[in-house]
Amino acid sequence: MTPTRSLPARRLAATLAALAVVGMPALAPTMVGSAGAAPSQQSAVAATPAAVELAGTENTRTFANYRTTAGRKLNDRVIRSDDLSSLTAADMKKLASLHVTSIIDFRTQIERTIQPEPQVPGATLHNFDVLGAAPVTTLVDLSSAYRTFVTDAHARSAFRNTLLDIKSTAGKGDAVLYHCSAGKDRTGWASAVLLTIVGVDRATVERDFLASNTFRHASANDPLNGVNISWLRSAFAAADQTFGSFDNYVHKGLGLTNADIAGLKKAVLA
């Protein structure tokens with residue numbers, strides 16, 4: 001699970017810091033299924049993320065090691081990642097071999113300008129900017145940023161489109177890769193939503209979220225490079241407070257139908 005990133009974490013940190021200087025949020029936007037699962041619920045097996053080794057990224061992985069509370073195994077058709085601007089030719093060849101035909105970029109326009117997205121052969125790029133309509137003040141309090149993932153209509157639209165693309169693309173047997181700059185905040189919430197929708201317990205969802213600290217060699221107290229579990233929990237709390245429950249967030253906030261959810265499960269579960 002040790003990353004082999006050619007772009008040093010310090011360079012990425014400097015880039016994200018630059019985003020803050022110009023006044024743009026550098027991080028941002030993140031269940032149905034076992035929506036009532038308590039954070040303290042433990043999985044029978046504490047599965048670890050399935051790393052995808054790419055020289056140009058440091059936080060790329062699938063959910064193939066996870067199972068739902070009903071014992072269903074997840075497939076490897078969904079890949080969560082970080083900035084792809086430093087992908088090597090070998091990396092792109094590997095993504096092509098994994099049948100990645102859809103890449104979703106959660107970043108803002110300024111992030112995409114600073115670190116342009118490469119064209120991965122055979123893959124269609126979708127720019128689903130999560131924070132495009134969020135106020136700059138989301139940088140001040142990360143709990144507020146995570147709540148914005150839930151309460152902001154623009155962010156909800158980005159996550160809805162992502163889930164529908166996963167349903168469509170993975171449903172055809174191809175793979176989807178979604179990412180932001182560090183692969184931990186916007187990508188972290190998207191992953192938490194997806195995992196919960198398909199029936200993964202909350203304890204595993206939280207471990208998957210916190211794995212960014214391992215992949216990025218960061219501390220939970222480092223807001224630039226790491227993640228803190230309180231941020232994820234604040235997003236779940238916002239879903240309950242704003243929509244009444246997580247199920248309501250998925251159905252009313254994200255506008256997913258029962259047929260969408262069934263299709264998503266069929267696409268993601270082995």
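Trainee: Let's begin with charges over rings. Which ring face does R61 lie over?

Mentor: Look for an arginine or lysine charge sitting above an aromatic ring. In this predicted model, R61 lies over the face of F215, at 4.9 Å from the ring centre. Another case is R202, which lies over the face of F236 at 3.9 Å from the ring centre.

Trainee: Back to R61 for a second. What stands opposite R61 in the sheet?

Mentor: That's A51, opposite R61 in β2. Strands β1 and β2 (residues 61–62) run antiparallel and are joined by two bridges.

Trainee: How do I read the whole sheet, and what is the order of its strands?

Mentor: Walk across it from one edge to the other. The order is β1-β2-β3-β6-β4-β5, an open sheet of six strands with mixed pairing. The edge strands, β1 (50–51) and β5 (124–127), each pair on one side only.

Trainee: Let me try β6. Which way do its residues point?

Mentor: General idea first: side chains in a regular strand alternate between the two faces of the sheet. Now the case here: A175, L177 and H179 point one way from β6, while V176 and Y178 point the other way. All of these are buried, so β6 counts as mostly covered, with five of its five residues buried.

Trainee: And how many bridges does β6 make with β3 and with β4?

Mentor: With strand β3 (residues 78–81) there are four bridges, in the parallel sense, and S81 has H179 as its bridge partner in β6. With strand β4 (residues 100–105) there are five, again parallel. There, S102 is matched with V176 in β6.

Trainee: Now aromatic pairs. How should I describe one?

Mentor: A pair of aromatic rings is described by the distance of the centres and the angle of the planes. The count here comes to 13 aromatic pairs. Take W189 and F236: their ring centres are 5.1 Å apart and their planes are at 70°, so this pair is edge-to-face. W189 belongs to helix α6 and F236 to helix α8, so the pair ties together parts that are 47 residues apart in sequence.

Trainee: Are W189 and F236 buried or exposed?

Mentor: Both are buried. There is also an aromatic cluster to look up, formed by F106, Y146, F149, F159, Y178, F209 and W231.

Trainee: What about the nonpolar core? Which residues touch the most other members?

Mentor: Think of a core as buried nonpolar residues linked through their side chains. The largest one has 55 residues, and F159, W189, L194 and Y249 touch the most other members. Among the elements that each supply at least two residues are α5 (153–171), β6 (175–179) and α6 (186–197). Helix α8 gives the most, with eight residues. A second, separate core has 13 residues, including I79, L95, A123 and L177.

Trainee: L95 makes me think of P121. Where is P121 found?

Mentor: P121 is in the loop between α3 (109–114) and β5. For a residue like this, check its cover, then its neighbours. P121 is partly exposed because its relative accessible area is 49%, and the cut-off for exposed is over 50%. P121 and L95 are 26 residues apart in sequence, yet 8.6 Å apart in space, C-alpha to C-alpha. Leaving aside residues up to four places away in sequence, P121 touches M92 and A96.

Trainee: Zooming out, how many helices and strands are in the chain?

Mentor: The chain has 10 helices and six strands. Of its 270 residues, 56% are buried. Its accessible surface is about 10200 Å², with 55% belonging to carbon and sulfur atoms.

Definitions and conventions
Residues numbered from 1 in each chain as written. Predicted model: local features only at pLDDT ≥ 70, side-chain atom pairs only at ≥ 80, totals over all residues. Heavy atoms only, no water. Core = buried A, V, L, I, M, F, W, Y, C linked by side-chain atoms within 4.5 Å. Buried < 20%, exposed > 50% of the residue type's maximum accessible area, 1.4 Å probe, protein only. Pairing = 2+ DSSP bridges. Areas by Shrake-Rupley, 256 points an atom, 1.4 Å probe, with all protein chains shown as cover. Phe/Tyr/Trp six-rings, centres within 6.5 Å; stacked < 30°, edge-to-face > 60°. Lys NZ or Arg CZ within 6 Å of the ring centre and 35° of its normal. Contact = heavy atoms within 4.5 Å.
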